[in-house]
Amino acid sequence: MNIKDMFNKKNMDKIKIKSESAISSQIPKLRVEILDNNQAIIEGSKSILEYNDNCIRLSSGKLIIKFQGKLLTMKAMNSSSAIIEGKIISIEYI
């Protein structure tokens, strides 16, 4: 097999698919949607680590996400998602 054959479109597609699946299997499944600076929808959260008016920390298992702000509240939470409202000043991934 010559070098041109190694890099043909079919082989490149296989390489791309393998690398994407390897990367996606290592990334924690945490999705955060921010609406203005007053609401965040988090999918993939598993537990509450800290909750007060100024700080909410959630865990996804491998990753912790920290919201800091003013008058923060959790409007809803179930086994895998949460809705945070209030004035969000910062978001930190730990």
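**Salt bridges, strands and core of a predicted model**

A search of the whole structure finds 2 salt bridges, a salt bridge being a side-chain nitrogen of Lys or Arg within 4 Å of a carboxyl oxygen of Asp or Glu. The structure is a predicted model, in which local features need pLDDT of at least 70 and side-chain atom pairs count only at pLDDT 80 or more, while totals for chains, interfaces and linings use all residues. Residues are numbered from 1 along each chain as its sequence is written, and side-chain values use heavy atoms, with hydrogens and water left out.

The protein chain contains 2 helices and 6 strands; helices (H or I, at least four residues) and strands (E, at least two) are DSSP runs numbered from the N terminus. Their order from the N terminus is α-α-β-β-β-β-β-β. Of the 94 residues in the protein chain, 23% are buried, where buried means under 20% relative accessible area, exposed over 50%, and partly exposed in between (1.4 Å probe, protein chains only). The accessible surface of the protein chain is about 6,700 Å², and carbon and sulfur atoms hold 55% of this surface; accessible areas come from the Shrake-Rupley method with a 1.4 Å probe, and for residues only the protein chains shown count as cover. Among contacts in the protein chain with a separation of 6 or more, 40% join residues 24 or more positions apart, a contact meaning heavy atoms within 4.5 Å.

The salt bridges can now be placed among these elements. Side chains of opposite charge can pair when their charged atoms come close. In one salt bridge, glutamate 43 pairs with arginine 31, and the closest N and O atoms are 3.7 Å apart. Because glutamate 43 lies in strand β2 and arginine 31 in strand β1 (residues 31-35), the pair ties together parts that are 12 residues apart in sequence. Glutamate 43 is partly exposed at 37% relative accessibility, and arginine 31 is partly exposed at 46%. In another salt bridge, glutamate 50 pairs with arginine 57, with 2.9 Å between the closest N and O atoms. Glutamate 50 has a relative accessible area of 27% and is therefore partly exposed; arginine 57, at 24%, is partly exposed.

Strand β4 (residues 55-59) has pairing partners in β3 and β5. Strand β3 (residues 47-51) pairs with β4 in the antiparallel sense over 4 bridges, two strands being counted as paired if DSSP finds at least two bridges between them. These strands, β3 and β4, form a hairpin with 3 residues between them, and isoleucine 48 stands opposite leucine 58 in β4. The pairing of β4 with β5 is antiparallel and runs over 5 bridges. Here too there is a hairpin, with 4 residues between β4 and β5, and glycine 61 in the turn has a positive phi of about 105°. Because 4 of the 5 residues of β4 are buried, this strand is largely enclosed by the rest of the structure.

Serine 59 belongs to β4 and stands opposite isoleucine 64 in β5. At 12% relative accessibility, serine 59 counts as buried. Beyond its neighbours within four places in sequence, serine 59 is in contact with Ser45, Lys46, Ser47, Leu49 and Ile64. Serine 79, in the loop between β5 and β6, is exposed, with a relative accessible area of 66%. Outside its neighbours within four places in sequence, serine 79 is in contact with Ser45 and Lys46. The C-alpha atoms of serine 79 and glutamate 43 are 9.6 Å apart, with 36 residues of sequence separation.

The largest nonpolar core has 12 residues: Leu30, Ala40, Ile42, Ile56, Leu58, Ile65, Phe67, Leu72, Met74, Ala82, Ile84 and Ile88. Such a core is a set of buried Ala, Val, Leu, Ile, Met, Phe, Trp, Tyr and Cys residues joined through side-chain atoms within 4.5 Å. At least two residues of this core come from each of β2 (39-43), β4, β5 (64-77) and β6, and β5 gives the most, with 4 residues. For isoleucine 56, contacts other than neighbours within four places in sequence are Glu50, Tyr51, Ile65, Lys66, Phe67, Leu72, Thr73, Met74 and Ile84.

On the surface, Ile34, Ile91 and Tyr93 make a nonpolar patch of about 270 Å². Patches are made of residues with over 30% relative accessible area and no salt bridge, like charges being joined within 9 Å and nonpolar side chains (Val, Leu, Ile, Met, Phe, Trp, Tyr) within 5 Å. Tyrosine 93 of this patch lies in strand β6 (residues 81-93).
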